[in-house]
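Some words used for side chains sound like plain description, yet each rests on a cut-off. The questions below ask how such words are earned.

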Amino acid sequence: MKKAIVIFLSMTMLLSAGACSNNKEISESTSTEIMQIAEPIQLVNKMTETERARVNKHTLTLLDEPADIDDIEHKVSIEFATNTIEFDEKEIDEMRVKLENRRDEITDDEYEQAIEEINEIAESGKKSYTYAAYALIDGVLYSGSFWEPESDDYGMSFTIYNDEMNEVETVTFNTFEEYLDWAAKRYKKEGFYSDDMIKSKIRQIQMVRDALKSGDYETLPEGSIDLNDPLLFTDPYADPFADYRNTWEYDRTAVEAIKDSIDEISIYDEELNTEFLVHVTLPSNYDKDKTYPVFFLTDGVWRFGNHTELRKVMEDGEADDVILVSLGYNYKIDGTNAYYRFTHLIQERNKLLDFITDNLMPYLGENYSIDYANSSLYGHSNGGVFAHNALFHSDLYENQPFGNYIIGSPAFWGLYDEEFDLDPDGCQSDYGYFDRNDTLDKNVFLCGGSLEDPDYADSYNGHDTTLEGLAKLNDRLESHNANVTYKLYESHHYQFIPEMLIEFLKETYPKL
């Protein structure tokens, strides 16, 4: 797509131009050949019905004290599986003998029901039964065992692997309380969990058992829980009752002063099976009838803290008004955890790009009047790899939510992790963008810290350092005559970020 030449003229200038010209042909030539007024960019929202149903725009809750667990309504979802067991005549006879031995312990109705079940098994030679296979509590995978409701009457046995004896053993409990006591001691003995985490594990067991007993749960179709989903099965410390608000870095006093101008949006993405949290900070004199660029920041757990500083720059008249947006995780996920950042910003970067391009930014455009052509996307470190990926795949999308890209200290060397197929070669060739296009119609700002290469010296493994990768990217962009700015700050890996963001805001969105 060729970059449009945009010339903004006031009504006064248009009128004066008409008054000074008596040449109709020149006037028409000017309007048709010189003045090419770009049409505002419109985005198409491609959210699914499920995603639409789960989005929730509300006031800021980051400052709230975590609610008491007992005051929160939790959702239990259970996936059932079916198992079929075949029986021979000897086993069926043993079942009849065991039933008769317990005849005095059960009611007539229970006895008749058991006889009927044994006769059905004898007729077919097999029995199929359904059992709880997996469960989610508030979307977090449940890792405990299932205490079926009927076990309250007869007790239950579990087969476990005994690490000390290096063998499988069966443990039997007569009551649910016995099982809980054993489970707590076992978690303690494993040594992986804090006392608070053990309490959470026990609480999860109780919650799933109560849900099974009361029937108050959502039934998931068999096979709906993906056993290969890394976000469900890799983190052994996932806690549905966790609240990670205390990991967010921000000036509480500064945020409290502008909290009425901040919207908080919970938004779910089916492709990533993740609920994100978006913070939108509006300018002090926000006018819903006026159009504003968006300054979009990844790593919201840290970058939301920059909203107050950037907004003050606008309030002081040092930059024009923009809408500040940061993308983070809901408070049940630790956004500082390197695992989650690597998963989304690196491993699943294309899915994250789909989400931002086709879901989030169009949704924001439905709630705020956005100047997409002048909006900016920022990412740093793993986020810098993501921003690079977003820039050089932008031509493949119908939606064009950003005109400017900040690629900060990109950790390109992380793409060489042999455990994953992360396409480092595609990255080095900018994903074939210039094979598909003659020019790059985006503005690019490359930045890093001049002192940062030693920060990750153990991670390069013979590949380009952070600054070497950044310099080579700059050379490639310059060779294609791209509109690129390259700057190094006297800093290590991340200390320059606040200064850089303010500088970018002032220079990209000057006060007119």
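Q: Which residues form one aromatic cluster in this model?
A: In this model, which is predicted, the cluster is made up of Trp147, Phe173, Phe176, Tyr179 and Trp182.

Q: Why is the pair of Trp147 and Tyr179 called stacked?
A: Two rings pair if their centres lie within 6.5 Å, and they count as stacked if their planes are under 30 degrees apart. The ring centres of Trp147 and Tyr179 are 5.8 Å apart and their planes stand at 20 degrees, so both conditions are met and the pair is stacked. This pair links distant parts of the chain, since Trp147 lies in the loop between β4 and α6 while Tyr179 belongs to helix α7, 32 residues apart.

Q: What makes the pair of Phe173 and Trp182 tilted?
A: The angle between the planes of Phe173 and Trp182 is 50 degrees, with 5.2 Å from centre to centre. Stacked needs an angle under 30 degrees and edge-to-face one over 60, so a pair that fits neither counts as tilted, and that is the word for Phe173 and Trp182.

Q: How do you know whether Trp147 and Trp182 are buried or exposed?
A: Buried means under 20% relative accessible area and exposed means over 50%, with partly exposed in between. Trp147 has 1% and therefore counts as buried, whereas Trp182, at 24%, counts as partly exposed.

Q: What makes the contact of Arg209 with Asp152 a salt bridge?
A: The closest N and O atoms of Arg209 and Asp152 are 3.0 Å apart, and a salt bridge needs the side-chain nitrogen to be within 4 Å of a carboxyl oxygen. Because Arg209 lies in helix α8 and Asp152 in helix α6, the pair ties together parts that are 57 residues apart in sequence. Arg209 counts as buried at 15% relative accessibility, while Asp152 is partly exposed with 26%. Both residues also belong to a network of salt bridges that links Asp152, Arg209, Asp210 and Lys213.

Q: Why are Glu256 and Arg252 said to be separated by about one helical turn?
A: Glu256 and Arg252 are 4 residues apart in helix α10, which means that about one helical turn separates them. Their side chains meet in a salt bridge, with 3.4 Å from N to O.

Q: How do you know that the charged end of Arg103 sits over the ring of Tyr111?
A: The charged end of Arg103 is 4.2 Å from the centre of the Tyr111 ring, and the distance part of the rule asks for a value within 6 Å.

Key:
Residues numbered from 1 in each chain as written. Predicted model: local features only at pLDDT ≥ 70, side-chain atom pairs only at ≥ 80, totals over all residues. Heavy atoms only, no water. Phe/Tyr/Trp six-rings, centres within 6.5 Å; stacked < 30°, edge-to-face > 60°. Helix = DSSP H or I, 4+ residues; strand = E, 2+ residues; numbered from the N terminus. Buried < 20%, exposed > 50% of the residue type's maximum accessible area, 1.4 Å probe, protein only. Lys NZ or Arg CZ within 6 Å of the ring centre and 35° of its normal.
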